[in-house]
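Colleague: I've got a new model open and I'm still finding my feet. Can we go through it together?

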Amino acid sequence: MYDLAIIGGGPAGLTAGLYGARANLKTVIIEKGLYGGQMQNTLEIENYPGFDNIGGPDLSEHMYQQALAVGCEWKYGEVTKVNLEGQPKTVEVGGEVIEARSVIIASGAQPRKLGVPGEKELSGRGVSYCATCDGAFYEGLDVVVVGGGDSAVEEGIFLTRYAESVTVIHRRDVLRAQAILQERAFNNPKMKFVYNSEVQEIQGDNRVTGVLVRNNQDGSTQVIPCSGVFIYVGFFPNSDFLKGTGILDEWGYVVTGPDMNTSIPGVFAAGDVRNTPLRQIVSAAGDGAIAAMQAYHYLENL
Ligand code: FAD
Ligand code: NAP
């Protein structure tokens with residue numbers, strides 16, 4: 001029986017593991033992939049405090065070793081089912097049932113991919129899913145944003161701080177983004193819009209040089225030269241195993257209060273999987289620390 005079971009070993013889960021184990025809770029992190037989560041796919045991280053520039057795999061290694069050094073246990077496997085009500089709570093991993101008195105959900109989220117040629121090959125070489133992370137690399141350069149929702153428009157506006165121009169490519173003739181964001185974008189002289197258009201291919205050998213775009217009204221194609229392509233065609237949380245628990249919002253994110261509590265006592269969530277206004281390593285780590293300390297207080301009162 002564990003005091004605390006943490007689902008997911010990204011920065012949220014690893015920080016929760018560090019704080020949980022340091023609070024003398026018998027703690028386990030259950031992870032289906034490599035420790036570090038999305039950080040493992042990030043070549044350079046320039047906005048994690050204390051490091052001017054650190055590789056994602058390096059930071060993952062540091063966080064992993066630090067959690068293990070204080071006694072946090074690590075279990076490899078995919079959580080497919082949970083029973084979160086009452087005591088003990090159970091988490092199913094590959095046929096094994098793990099019992100715990102409290103649970104932190106830190107299973108993250110994934111940016112939706114476009115699925116076009118060049119996207120995977122040039123990921124981290126001009127293709128990005130995170131303007132906050134990578135925008136500063138495009139000082140004085142032309143970039144493209146794909147998508148027409150709040151994320152695309154808001155992040156596009158953010159990118160104008162660095163880029164010479166930001167071209168939003170949207171598949172319809174009206175943006176989905178809320179009116180106020182649209183207004184700000186239309187009033188920004190650095191922003192351009194290409195409507196009724198779909199990216200067919202991201203071009204470049206070692207780095208992005210442009211995107212091939214097809215107009216879905218008349219079938220014409222054009223290449224838009226650019227150094228960066230920011231893809232914002234939606235995100236999806238890794239929360240399939242939580243369906244039916246009543247703690248998800250309509251988009252599948254875990255609903256939490258400010259202290260990371262869900263509506264089920266003893267169940268907390270941290271990082272990208274929750275309905276958070278910022279999806280970054282530093283915020284995931286902060287969430288993880290809060291969630292672990294709240295789990296500690298919950299167990300004290302149990
Ligand atoms: P994740 O990192 O997504 O980790 C969740 C973990 O849970 C994963 O390892 C996953 O395998 C595991 N998991 C999921 N479901 C299950 C299951 N059922 N059972 C077991 N395990 C499961 N942020 C920055 O601050 N700076 C940056 O420079 C930066 N660059 C980025 C670059 C890219 C390309 C991307 C995609 C994101 C970037 N981010 C950056 C965002 C940052 O990586 C995320 O906000 C952060 O990793 C979220 O942490 P997390 O722990 O909540 O989730
Ligand atoms: P979203 O609202 O789902 O928008 C995704 C956009 O990508 C849509 O414009 C969609 O086009 C387009 N798209 C989807 N699949 C595509 C494909 N295969 N090819 C080309 N385009 C594609 O996602 P989001 O913008 O990430 O927002 C997610 C949620 O977070 C929303 O509820 C949003 O309101 C919220 N959010 C809020 C704020 C804020 O309040 N400031 C900021 C960011 C996000 P269509 O329009 O044609 O469907």
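Modeller: Sure! Contact here means heavy atoms within 4.5 Å. This is a predicted model, where local features need pLDDT of at least 70 and side-chain atom pairs count only at pLDDT 80 or more, while totals for chains, interfaces and linings use all residues. Residues are numbered from 1 along each chain as its sequence is written, chains are lettered from A and ligands numbered from 1 in the order in which they are written, and side-chain values use heavy atoms, with hydrogens and water left out.

Colleague: Leaving aside neighbours within four places in sequence, which residues is Tyr-48 in contact with?

Modeller: Set aside those neighbours within four places in sequence, and what's left is a list of contacts for Tyr-48. They are Leu-59, Met-63, Ile-281, Val-282 and Ala-285.

Colleague: Which element gives the largest share of the largest nonpolar core?

Modeller: A nonpolar core is a set of buried Ala, Val, Leu, Ile, Met, Phe, Trp, Tyr and Cys residues joined through side-chain atoms within 4.5 Å; buried means under 20% relative accessible area, exposed over 50%, partly exposed in between (1.4 Å probe, protein chains only). The largest one has 32 residues, and Tyr-48 is among those with the most contacts inside it. Strand S1 (2-7), helix H1 (11-22), helix H2 (56-69) and helix H6 (281-301) each give two or more residues; helices (H or I, at least four residues) and strands (E, at least two) are DSSP runs, numbered from the N terminus. The largest share, eight residues, comes from H6.

Colleague: Within what arc do the buried residues of H2 fall?

Modeller: In H2, Gly-56, Leu-59, Ser-60, Met-63, Tyr-64 and Ala-67 are buried. Look down the helix axis and take the directions from it to the C-beta atoms, which is how the arc is defined. The buried residues line one face of H2, because they fall within an arc of 130 degrees.

Colleague: Why is the disulfide of Cys-130 and Cys-133 called right-handed?

Modeller: A disulfide is a pair of cysteine sulfur atoms within 2.5 Å, and Cys-130 and Cys-133 sit at S to S 1.9 Å. The handedness comes from the torsion about their S-S bond, so the disulfide is right-handed at about 65 degrees.

Colleague: How far is the sulfur of Cys-226 from the closest cysteine sulfur?

Modeller: Cys-226 is buried, with a relative accessible area of 5%. Its closest cysteine sulfur is in Cys-130, too far for a bond at 18 Å.
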